[in-house]
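Thanks, everyone, for making the time. I would like to walk through one model this morning, going from a single helix pair outwards to the chains and the DNA.

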There are 2 protein chains.
Amino acid sequence: MTERSYHHGDLHRAVLDAALDVIGTDGPAAISMRDLARRAGVSHAAPAHHFGDKSGLLTAIAVDGFSLLAEYLTKAVGRPDELRELGVAYVRFAIDHPAHFEVMFRRDLCHDDAPELVAARERTAGLLRGGVDTVATGDDSRPAVLAAWSLAHGFATLWQGGSIERDADPAESFRAVSRHLFTRPD
Amino acid sequence: MTERSYHHGDLHRAVLDAALDVIGTDGPAAISMRDLARRAGVSHAAPAHHFGDKSGLLTAIAVDGFSLLAEYLTKAVGRPDELRELGVAYVRFAIDHPAHFEVMFRRDLCHDDAPELVAARERTAGLLRGGVDTVATGDDSRPAVLAAWSLAHGFATLWQGGSIERDADPAESFRAVSRHLFTRPD
DNA sequence: CGGTTATCTAGACAGCGACAAGATTCCTTC
DNA sequence: GAAGGAATCTTGTCGCTGTCTAGATAACCG
């Protein structure tokens, strides 16, 4: 904010925030390194120094996203009705951080094989798997994992894409939706 | 294929096919109008004449996609276990036409309010709603619609994103997943 | 204080999307 | 079959973009 001389202070953070802002309003396709530089008040090539690349910037966002998602999921672990709450947390994350969510699953925008990214991805996947194991009957839990993940992911994606009416609270709406899952005769 | 003089013959189709090819391998972000022109063997500005715009091109692809999806869904209507088969058809479409599917739900890439697009979208949504009504109990079927749609959409998205192991047949895999939905005590 | 390193600037390049003006061909209508 | 209008494609241009380079500035650390 103050008068700046040559060094920005925290350009890394500033560029990330600007990028999230742009993605949130106009989508990832609207990202321009030069525009982000302008927003941060630095020269056009400065951002590249921190992220190497446009894809590098989006990769960093994706990694942050997976870390955030992991936090959300972790809070749901151990709760009663754990699996459902994991789904709710998943959806809540997508709605709280739409820009992150939008980038995380667009592999063509990121350096898909960046080690940090695959690590962050695997970490969250593990959390989901754990949650499903609390209800799955044991024989083969993979379809159950897939079902839970697909439901939450699909709901979040459709919500974010605007395909779901936004008049209701998304978390509550998803709870209603999730009632149709795993309701076997007992 | 033959020697061409000024008029291409079917540049519209050629550009669409080239675009689908690019999207299929490198994603929609890799689309370049000039590259598509080169592939079709025409001058750099020719494609724009057919689609007006890069977004126009992607809009056309999305519209085609919704029409294709409607075909897939229509085939499933009336079958035994209709809702499940609708889901299978949804997933099958996404896997048969990944490039279309990838564009259809990326509103920032298309002219989102193009009349053809909203019409095509609404048409497919209607098909899905109809399928759910065959099982829903009546009081409020919207969560059920959402559940079915979310499950299929999420599965398709995750599959396409590479998040689901691809060793099994996707249709069969989704059938297994969908067994966890609407399995109320009877 | 001196040197190493991280950070940022400035300039250049090819490629891009979009626009405008003109060339060529098709197609309808007389 | 000719004329004229419409559709299609070319060519040239503009500002913008991402990325690369070399150089300037500042922070850090012995």
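Let me begin with the helix pair: is the crossing of α5(B) and α9(B) left-handed or right-handed? Before I answer, please keep in mind that this is a predicted model, in which local features need pLDDT of at least 70 and side-chain atom pairs count only at pLDDT 80 or more, while totals for chains, interfaces and linings use all residues. Residues are numbered from 1 along each chain as its sequence is written, and chains are lettered from A and ligands numbered from 1 in the order in which they are written.

The crossing of α5(B) and α9(B) is right-handed, where right-handed means that the near helix is turned clockwise from the far one by less than a right angle, and left-handed that it is turned anticlockwise. Helices here are DSSP runs of H or I with at least four residues, strands are runs of E with at least two, and both are numbered from the N terminus. Helix α5 of chain B, residues 82–96, packs against α9(B) at about 140 degrees, with 9 Å between the axes; axes are lines fitted to C-alpha atoms, for helices over the stretch in contact, and angles run from 0 to 180 degrees between N-to-C directions. On the α5(B) side the contact includes Val88(B), Val91(B) and Ile95(B), and on the α9(B) side Phe174(B) is one of the residues involved, two residues being in contact if their C-beta atoms, placed from the backbone, lie within 7 Å. By class, that contact has 6 nonpolar, 2 polar and 3 charged residues, with Ala, Val, Leu, Ile, Met, Phe, Trp, Tyr, Cys and Pro counted as nonpolar, Asp, Glu, Lys and Arg as charged, and the others, Gly among them, as polar.

Moving on to the two protein chains, 32 residues of chain B are in contact with 32 residues of chain A. On chain B, the elements that give two or more residues to this side are α8 (142–160) and α9 (170–178), and α8(B) has the largest share, with 13 residues. The side of chain B that touches chain A divides into 19 nonpolar, 9 polar and 4 charged residues.

As for symmetry, chain B is superposed on chain A by a rotation of 180 degrees with 0.1 Å of shift along its axis, at an RMSD of 0.1 Å, the fit being by least squares on the C-alpha atoms of residues with pLDDT of at least 70 in both copies. The two copies are therefore related as by a two-fold rotation axis. Within chain B, the C-alpha nearest that axis belongs to Gly154(B), at 1.8 Å.

Finally, the DNA. Around strand C there are 21 residues, the closest being His8(A), Val42(A), Ser43(A), Ala45(A) and Met33(B), where near means that the C-beta atom, placed from the backbone, lies within 6 Å of the strand. Two or more residues each come from α3 (46–51) of chain A and α2 (33–40) of chain B. Around strand D there are 24 residues, of which Met33(A), His8(B), Val42(B), Ser43(B) and Ala45(B) come nearest, and here α2 of chain A and α3 of chain B each supply at least two residues. The surface near strand C has 8 nonpolar, 9 polar and 4 charged residues, and the surface near strand D has 10 nonpolar, 10 polar and 4 charged.
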